[in-house]
Amino acid sequence: MKNRELPASWRSYNTYDYVPVEDWSVGNDIELYAVYWDGKPHSPNGFNNDWTLYINARAKAKNGAENSGRDVCLVLQVTSCQKDAFRVRFNPGAASFADYPNKVYGPVEVERLTHIRQHEQAAGYQPILRWNRHGASIQLHTIQVQFVRADDGLLSIQVKRLADGAVTDISSGPLCHASPEVGTVVNMKRKAEHATHYFGLGEILSYNLTGRHNPATGSTQQDCYGYKGCARLDHSGSQVTCYNYDNLWYNQPEVFPQSVPYKDAFKATSCVPMYLNAPFYIEKSTLNGSKQFLGVFLDNTGQSYFSLKSALRDATAVEAGVQHGEFDGHYMFAAQAANVLDAFTYLMGQGDLAAGKHQLNDRSVMPPKYIFGYFQAKYGSLGLLRPQNEKDPNKVYIEDLVKGHRDAEIPIEGLGVDIDVQEDKKVFTIKDSFWSSGKVDQGISVFDWITQFDLQCQTNITPFIRADKVAYDPTNSGKKQYGTAEGLIRNGYCVQNEGEANLRKFRGPRRESDYPGLSYSRIGETNYPDQNLLVLDYGINVQTGERDMIGSVVTDYGNPAAARFWGDQYAYLFKNGLGFVWQDMTVPDAMPHVEDGKNFADTESPRNQFGWSLTGEAPSDDRRRTNTFNWRSYHGQLHLTDPRFGDGRKTPFVELRNFHAYMLARASYEHGLIAHEETLKGYKRSYIICRSGYPGLQHYAGHWIGDNASTWHHLQATVPLVLNLGMSGLPIAGADVGGFAPGEAPADPASTFYGDKNYRNHNPMVYDRLVLGPEDVDIGAVCEPELMTRWVQAACLQPWMRNHYDAMKAYQEIYHYTSAATANDDTFSSIMTAFIRFRVRWHHLLYDAMYQNTQTGAPLIKAMCLWQGDDAIFSDAQRDILATQFFIDRTVLVAPIMTSSPAGEEKHYTAEKAVYFPHGEQGQAINWYRYNVMEDSVDIAHPIASGQRLKITADITSLPVFIREGAIIPERHAQADLQAAFKNIQVLDKYQQPLVLSVYPLGKAAKSRYQLYWDDGGVTRSAERDGAFSVIDVRQAATGEGERTLTIAPQKYDYPLYDFIYFRIRATDSAVRNISVGKSRIAIHMASVEALFQHQGEAIHIDASGSIWLKARTAKLALDTPLVVNINA
C-alpha cells in the first residue's frame, strides 16, 4: 500500500507552510489549468441508486499551449433531496471515478449519506435527472442543480429556484488548479452580485485588536480602539483563511500577510486564523425580491481560503481555494438560514433516521447538564491543600479556591485544574502535592477531594507526551518510567519521522543522551530520531521559578490501535475522580524548536514565535519566510495515519492540520469517556472542552476560544466568535471569562511597562514570555473590576462559562472584587455573584436549547440573522447589532454591555448601547419586557414595541435582557432549607429542587408554546442508551376575557417530572377569581414562596409584585393525559 506522498517538486506555498490569505495564489512559477466540459456525464451504479454523476472533463493549460491537456474527472452527488443539498468533488489527480474513495471517517461519512438516501427514498423523495444539449440538470425539492457547458466550454454549475426561476451561481469558472505533480492547489470562483451577508466560518475574528487610539468606548472612528470600533459577525468584504492556529492573545504576527509591516503586525483581522476555523459559511442573498440562503461546506482538512466579495480580489464574487488535498464542496439551499444549518447538521448526523423524532445525539452529543454551570480555573495552583505554615496569600491552592467560593456563596459547578497537577509535565499523572496525603496514590486525589462538595473537575490534557530522559529512560532500571511515553514508543503508536525527502531538514536533538528512549536511524553521518520529536517551552514555571522545557512525542490518532491506547490512558484519572476533560493545545501547537535557548531545527538564526531572534538580531519581515518551524508550520517529514478513507495509508500533515484536534477529541471521547464509562464516578455522561476542532466536533466536544486577554476588545470579540461557531454547527462554545492573559495600558498599548507596579503589556511586540526571568513571574495586571463584571454578565447566558487566568495575574476569582460598585454599597463581587446565581436559575433554558440542537442543529444562543419574520435585521442600519446581541428560543433577547462607562461616568459605571427589537413571525408586531436580573423582576407595565432600534442604558448592576410576550421560561429554585456547600446545578438535581415554569403575559399573542426536555442530567447514560427522557410541550392560550389555559402535554414521557411542578404567572394584578388544575379548584393560599415550596399539596401564592405562584401535582401526567391549568381573573 502506497502512502500519500508530497510531490517530489513540492513548494512551500502548497505543502506544509502557512500562507496568508492575501498572499495565496496557485503560484506564478507553475503551470495552471482550467477545467472544460468533455463528454456526457455517467453514473456507473445508476443515478437512481446512488444519486451520483461522474463528469468527464479536460484540464487545459491556461497559457493555451497545445497538447498540454489531460483528462480529469469530477463528481456531482445529491446528498439530500429533501433538504436541497448536493456535493461537488474535484481532485486534479483524479482521472476516473475510481480515484474518489468514499469517506468513512469525518464530519460527513458515506454511511450517513447512504442512510439519508435510503430514508428519503422511502419517504418518496427522488431527484430527477434530465439531459439537454448543454449538459444535465437534477431537480431536488425546491431547486434544480444545473451542470452545464458554458459558451466558452468551461464547466458551469448553477442552482435554479423552482418557485421563480432565480439562478444562483455555484461555479462560473474557471476551475483552476495546478498540475498534480506540484501538489493540489485548487480555486473555484462563483458570481455573487446579490449576496449581502456571510456568516459562520468558525472562529474567524473580524476585529482590529490594537491601535493607537484610546479604547474608550465610543462608536466613532476617532474614539474607537480599532479601525472598526467593534467586532463584526458578518464577513462580507473579507478574505478568510481556515488554518487552525494557536493565536495567543489573538494577535500573533507570524500569521499576518506580507502587506502588514512588522511593527503593525499586532492587529487581528478576519484575515488572521484562530484556534478553530470551520470551512463552512452561510450566504444571504436577495433575488427577485425574495431572500435566500446558501450554505457551503468545503470539506478540506488542510488550509483553505475564501474571498467573500473582497475588493482586493473581486467585489462581485466569491472565491474558494484549497492548498492541498481534494476540493470537496457541500452545498445547501434554503429560504431561511436556520434551514441551512438544519441541512448541514443533518449531513453530519449520527443517529438512526428510521427511529423518527426524539432521539438524542443525532446532530450533536448531549452533554451532562452541569456543563451549563460556572467553572473556575487557574494556571499556577501549587497543590491541593495549603500547608499549615504557608501564609503567603499570593500562593494559591485548590483548597483556597473551594473555600473562597463557598464563603462567598458563589454556586460554582466545578474547577479546572491546569497542568500544574502533572508530575514534570507528564500528561495523565497527578503529582504529590495534589494528593491529600502529599504522596502519589496515597489518600485521595484532588479530583476525588473536590467531588465531596458536589463539584465536577476537568484537567488539562495536551497531546504532548513527554519523552525526554526526565520521563522515559529505559537505560535507568531504577527509574519509574512514564508508561504513556513507553507504550507509544514501544508499540509504534506515536507519529514517526517519515518522508525521507524532508528528513534532512530536521537534525533532531543536540544530545541523543537527553532522549534515550527514542530509536534512531542513521542517514549519512547523522542519526535521526524515528519518532517525531517536539520541543515545548512553557517559559518560567510559577511554582519552581525555573524554565520548563520538555521534549515530547504525539500520538498517531488516525491509527485505531493508537487511538485506543490514547483513550486507555484516561482510566487512571477517572478512577481518581476526574469528571470531564479539558483538551488543550490541540492544533497541535508545538512551540518554537529551541533547546536551552539553542536552535533545535534547521537554521543558523533561530527565532521564537514572535519573530524575535534568540541570538540578538532585531526583528525583520523575513521572519515569515524563515525555515524555522514554529506554531504556523510543521515538519515536512511528518506523516499521519489518515483515517478518512479507511485504507490505513499515511498522509502528510499539511493535508490533515485542521483535522488533528477532531481526531484527538474523537479518540478521547470514544476510547476514553465511552470505553471507560464504568470508571467514571458520579456522572456517567461526560464531556470534553477542546481548544480547537473541525466541523463534526459537536459529536465529541465543545470549544473555548483560546487564550484571550483582559481587554475590552477581547470581550467585544467574544459574542460574534461564539455566535459564528454556533452557525458553523458547533453549539457549545465560550471564552475564558475575564481574559486568560493580562491586559495592557489603556492609553498606550505599545508601552512596555505601565502602572505603579510596572505591569507588562500582553502585546507580544513588548511581551515575550520565552525570555522572562524568575523575577518576572507575577507581572500581569488583574482584570479591572468594571471589565470583569461586564464579562460575567455577557457570559452568563453563553453555552460554556469558565473563568480561567494565567499565573501572571494575582487573582481573577470574583470573590476578590470586594470594592464598592454602587452608591448602595453593592460590591463588584456581589453583583457578579448574582449573575452566577442567575445562570444557575436559568440553566434549564440552555439545556432545553441543547436538546433542540441535537434535533435540528439550531445554536443554543442564536445570532439575529437566524431570526425569522423581520427582514429589517438584514438592513445596513442594523448590520452592527448582528455582533452585539443574540436570542434564545425566540423568547429571550440578550444585549450585553461590552464597552466601559464613558469619560465622566466612571463612578456610576453606566453605559449605553443600541438594541434592535425584532417583529414576530410574518412580521407581526409584538411586545418585549425588560427583565431585571438582580431583582428577578420584569417590567410588564412598560412594554417595548417591536420594530424599533433604541438606546438602552444599563448601570453596572444591569444586563439588558428582554422577554418576549407570551414567553415560558423554565427556572430552578433552591429551597431555603437546602443544606449544601454549593447550590449549583448538580445539587438542585440531586435534591430535586423546584422546577418552576415562569409564564409571561400573552399581550398581542393569543397563544404561545415552549418545549421542555427532562432527564437525569447525565448521572447515567440511560437517556441516550435507553430513551429514558421526556419531551414535554408547555402551552398557554387566551380563552376569554381575563382567562387563559396552561397545558403540559408530553410528546415523549419516559423520565417523569418531580411529584410537583410550579408555575410562576408573571403579572401586575393579583385579582384572580379562580384557578383550577384539571377539575380541581385550588383554594389553599400560602403566605410566601418558601411556604409554597414546603407545602405537601397543591396551593397558590401571590407575591408582592402581583405574580401568581402555583404548585400542581404531576402524578396523573402521561402521554395521553395532559395537565391543564385554568386561570380566571
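**Figure 1. Helix α12 in the predicted model, and what covers it.** Of the 11 residues of α12, 10 are buried, so the helix is mostly covered. The buried set consists of E786, L787, M788, T789, R790, W791, V792, Q793, A794 and A795. Elements covering these buried residues include α11, α13 (828-841) and the strands β37 (801-805), β41 (911-917) and β44 (948-954).

**Figure 2. Packing of helix α11 against helix α12.** Helix α11 spans residues 712-726 and helix α12 residues 785-795; their axes come within 10 Å and cross at roughly 5 degrees. The two helices are therefore roughly parallel to each other, since angles under 35 degrees are classed that way. From α11, the contact is made by W712, H714, L715 and T718, and from α12 by E786, L787, R790, W791 and A794. Sorted by class, five of the residues in this contact are nonpolar, two are polar and two are charged. The α12 residues E786, L787, R790, W791 and A794 are also among those that count as buried.

**Figure 3. Packing of helix α8 against helix α10.** The axes of α8 (residues 560-568) and α10 (residues 660-674) lie 8 Å apart, and the helices pack at an angle of about 65 degrees. That angle makes α8 roughly perpendicular to α10. Their crossing is right-handed. On the α8 side the contact involves A563, R564, W566, G567 and D568; on the α10 side, L664, A667, S668, H671 and G672. By class, this contact has four nonpolar, four polar and two charged residues.

**Figure 4. F1063 in the largest nonpolar core.** The largest nonpolar core holds 249 residues, of which I398, W842 and F1063 touch the most other members. With neighbours within four places in sequence set aside, F1063 is in contact with V996, L997, V999, L1046 and I1048. The remaining contacts of F1063 under that condition are I1108, W1109, L1110, A1112, L1123 and V1125. A separate core of 55 residues lies apart from the largest one and includes Y33, V75, L201 and F333. For the protein as a whole, 66% of the 1129 residues count as buried. The protein has 17 helices and 56 strands. Of its contacts between residues at least 6 apart in sequence, 71% join residues at least 24 apart.

**Figure 5. Surroundings of A343 in helix α3.** Helix α3 covers residues 337-347 and contains A343. A343 counts as buried because its relative accessibility is 2%, and the cut-off for buried is under 20%. Outside its neighbours within four places in sequence, A343 is in contact with K83 and M332. F333 is 10 residues from A343 along the chain, and the C-alpha atoms of the two are separated by 8.5 Å. F333 is also one of the residues of the 55-residue core.

**Figure 6. Loop residues D84 and D424, with positive phi.** D84 is not a glycine, yet its phi is positive, at about 55 degrees. D84 sits in the loop between β3 (70-80) and β4 (85-90). With a relative accessibility of 4%, D84 counts as buried. D424, likewise a residue other than glycine, has a positive phi near 55 degrees. D424 lies in the loop between β20 (414-417) and α5 (446-451). At 40% relative accessibility, D424 counts as partly exposed.

Definitions and conventions: Residues numbered from 1 in each chain as written. Predicted model: local features only at pLDDT ≥ 70, side-chain atom pairs only at ≥ 80, totals over all residues. Heavy atoms only, no water. Axes fitted to C-alpha atoms, helices over the stretch in contact; angles between N-to-C directions. Helix = DSSP H or I, 4+ residues; strand = E, 2+ residues; numbered from the N terminus. Parallel < 35°, antiparallel > 145°, perpendicular 65-115°, else oblique. Left-handed = near helix turned anticlockwise from the far one by under 90°. Contact = heavy atoms within 4.5 Å. Nonpolar A, V, L, I, M, F, W, Y, C, P; charged D, E, K, R; others polar. Core = buried A, V, L, I, M, F, W, Y, C linked by side-chain atoms within 4.5 Å. Buried < 20%, exposed > 50% of the residue type's maximum accessible area, 1.4 Å probe, protein only.
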